[in-house]
Structures are given as structure tokens and as C-alpha cells.
Amino acid sequence: MFYIGNHLSASKGFAAMGRKEVELGGNTFAFFTRNPRGGKAKAIDEKDIEKFLTYAKEHNFGKLVAHAPYTMNLCAVKEDVRRFSKEMFFCICKELFNILF
């Protein structure tokens with residue numbers, strides 16, 4: 001099976017992204033885990049996640065792609081940028097783990 005999708009705005013939640021992707025003819029999508037410039041992540045809405053997971057199963061969605069913010073640079077020369085990037089990376093991992101499990 002082929003999985004086709006695009007990058008969608010997460011501003012209205014996962015269920016909205018799923019509906020939009022089906023409307024566009026796709027069965028997967030990419031999304032930013034937080035503001036692309038590295039701001040604070042939006043609170044996770046458990047009910048929205050449940051709605052999306054049900055919808056995704058009904059529409060045979062493939063795996064999603066979680067896109068990290070552009071500001072994440074784990075190999076930065078500057079220690080403060082590298083520290084910020086590591087903190088963001090671990091925070092994103094925790095958020096995704098909570099969504100998936």
C-alpha cells in the first residue's frame with residue numbers, strides 16, 4: 001500500500017488534521033510537534049487523540065511524521081543552543097510517547 005500525505009497545521013488538533021488529509025486524498029501526514037521556531041508545545045487533548053486514532057483506523061492511515069522545530073540543533077557549537085535543543089528533543093520524545101502509549 002502507498003501512503004500519500006502532506007504537512008498539515010496542528011492548530012485545530014489531530015482529528016482535524018485527519019479529516020483534512022482525507023479531504024485532500026491522502027492517508028498520512030506530517031506535523032510540527034510544536035511551533036516551528038521552537039516555542040512551547042500545545043497541551044495534548046486526550047479526547048482529540050482518541051478521535052483521531054479511531055478515524056485513522058477507519059481510513060487506513062499510515063504512520064505519521066512528527067517534524068521537530070527548525071531551531072533544534074543537537075550539534076550546535078554554542079552550549080546554550082545545544083542544551084536548549086536537548087531539552088526540546090527529550091520533551092518531544094516524552095510528548096510523542098504519551099500520545100502513542
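Let me begin with a term: a residue is called buried when its relative accessible area is under 20%. The structure before you is a predicted model, and I shall use that term throughout.

Consider Asn27 as a starting point. Asn27 has a relative accessible area of 11%, and the cut-off for buried is under 20%, so Asn27 counts as buried. Asn27 sits in the loop that links helix H1, residues 14-23, with strand E2. What does the side chain of Asn27 reach? One target is the backbone oxygen of Phe2, at 3.2 Å. Another is the backbone nitrogen of Ile4, at 2.7 Å. If we set aside the neighbours within four places in sequence, the residues in contact with Asn27 include Met1, Tyr3, Glu21, His59 and Gly62. Phe61 is also among these contacts, and we shall return to Phe61 shortly. Before we leave this region, please note Gly25, just after H1, which takes a positive phi of about 95°.

Let us turn to the sheet. The sheet is open and is formed by 3 strands in the order E1-E2-E3, with parallel pairing. Which strands stand at the edges? They are E1, residues 5-7, and E3; each has a single partner strand, and therefore one side of each is left without a neighbour in the sheet. On average, and ignoring direction, neighbouring strands of this sheet are turned by 15° against each other. E1 and E2 run parallel and are joined by 3 bridges. Within these, Gly5 has Thr28 of E2 as its bridge partner, while Asn6 is partnered by Phe29 of E2.

Strand E2 deserves a closer look. How many of its residues are buried? The count is 5 of 5, and E2 is thus described as mostly covered. In general, the side chains of a regular strand alternate between the two faces of the sheet. In E2, Thr28, Ala30 and Phe32 point one way, whereas Phe29 and Phe31 point the other way, and all are buried.

Next, the helix that covers part of this sheet. H1 lies across E1 and E2 and runs at about 140° to E2. Several residues of H1 are buried, among them Phe14, Ala15, Met17 and Gly18.

We come now to the interior. The largest nonpolar core has 10 residues in all: Leu8, Phe14, Met17, Phe29, Phe31, Ile49, Phe52, Tyr55, Ala56 and Phe61. At least two residues of this core are supplied by each of H1, E2 and H2. Which element gives the largest share? That is H2, with 4 residues.

Finally, the aromatic rings. A search of the whole structure finds 9 aromatic pairs. In one of them, the rings of Phe29 and Phe61 have centres 6.2 Å apart and planes at 80°. Why is this pair called edge-to-face? Planes over 60 degrees apart count as edge-to-face, and the planes here stand at 80°, so the pair meets that description. Phe29 belongs to strand E2, residues 28-32, and Phe61 to the loop between helix H2, residues 46-58, and strand E3, residues 65-67; the pair therefore ties together parts that are 32 residues apart in sequence. Phe29 and Phe61 are both buried. One aromatic cluster is formed by Phe14, Phe29, Phe31, Phe52, Tyr55 and Phe61.

To close, I would draw your attention again to Phe61: it is in contact with Asn27, belongs to the largest nonpolar core, and pairs edge-to-face with Phe29. Thank you.

Notes
Residues numbered from 1 in each chain as written. Predicted model: local features only at pLDDT ≥ 70, side-chain atom pairs only at ≥ 80, totals over all residues. Heavy atoms only, no water. Phe/Tyr/Trp six-rings, centres within 6.5 Å; stacked < 30°, edge-to-face > 60°. Buried < 20%, exposed > 50% of the residue type's maximum accessible area, 1.4 Å probe, protein only. Polar contact = N/O pair within 3.5 Å; in protein donor to acceptor, adjacent residues only side chain to side chain. Contact = heavy atoms within 4.5 Å. Pairing = 2+ DSSP bridges. Axes fitted to C-alpha atoms, helices over the stretch in contact; angles between N-to-C directions. Core = buried A, V, L, I, M, F, W, Y, C linked by side-chain atoms within 4.5 Å.
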